[in-house]
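Biologist: I am new to this structure, and I would like to learn how to read a few of its features. Could we start with the cysteines and then turn to a helix?

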Amino acid sequence: MTDTMYPPSSRELAEKRRALAPETEKAFQAFSRQVFADGALSAKTKQLIAVAVAHVTQCPYCIKGHTKAAMRHGATRQELMEAIWVAAEMRAGGAYAHTAVSLAAMDEADKPAQ
């Protein structure tokens, strides 16, 4: 049994993934390279977005990988932290916005049964 919930990323794991679905792995890698290439948004901006999204999806591999990639593309620690705070606000905002669902359910529960 491992000491952590998530096994460390390794070349061995990557090779296992590739061996089990080589064409899909190849397509995914090509897609990833295209998505993160400079375009209307710079690669740095795309990596900052990825860091924020990774915090919302709570993927430790993505957090580590995209944080390092963002820094390789020139992102500062301050820019990374701001991106993370945007993610935190958006996630909290989603919970806040969804109170509308709970409030409507409360109103429905208070109505007499028909």
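Modeller: Let us begin with the bonds between cysteines, keeping in mind that this is a predicted model. A pair of cysteine sulfur atoms is taken as a disulfide when the two lie within 2.5 Å, and by this rule the count here comes to 0 disulfides. Cys 59 is in no disulfide, since its nearest cysteine sulfur, that of Cys 62, is 3.0 Å away.

Biologist: Why is the sulfur of Cys 62 not bonded to the closest cysteine sulfur, in Cys 59?

Modeller: Because the distance between the two sulfurs is 3.0 Å, which is too far for a bond. As for its surroundings, Cys 62 counts as partly exposed, because its relative accessibility is 29%.

Biologist: Now to the helix: which residues of H3 are buried?

Modeller: A general idea helps first: an α-helix has 3.6 residues a turn, so residues three or four places apart point the same way. In this model the buried residues of H3 include Ala 43, Lys 46, Gln 47, Ala 50, Val 51 and Ala 54, and what covers the buried residues of H3 includes helix H2 (22-35), helix H4 (60-72) and helix H5 (77-97).

Biologist: How far does H3 reach from its first C-alpha to its last, and what follows H3?

Modeller: Helix H3, with 15 residues spanning 43-57, reaches 20 Å, close to the 21 Å expected at 1.5 Å a residue. After H3 comes Gln 58, whose phi is positive, near 60°.

Biologist: Is Gln 29, which lies in helix H2, buried or partly exposed?

Modeller: Gln 29 is partly exposed, because its relative accessible area is 34%.

Note on methods. Residues are numbered from 1 along each chain as its sequence is written. This is a predicted model: local features need pLDDT of at least 70, side-chain atom pairs count only at pLDDT 80 or more; totals for chains, interfaces and linings use all residues. Side-chain values use heavy atoms; hydrogens and water are left out. Helices (H or I, at least four residues) and strands (E, at least two) are DSSP runs, numbered from the N terminus. The expected span of a helix is 1.5 Å times one less than its number of residues. Buried means under 20% relative accessible area, exposed over 50%, partly exposed in between (1.4 Å probe, protein chains only). Contact means heavy atoms within 4.5 Å.
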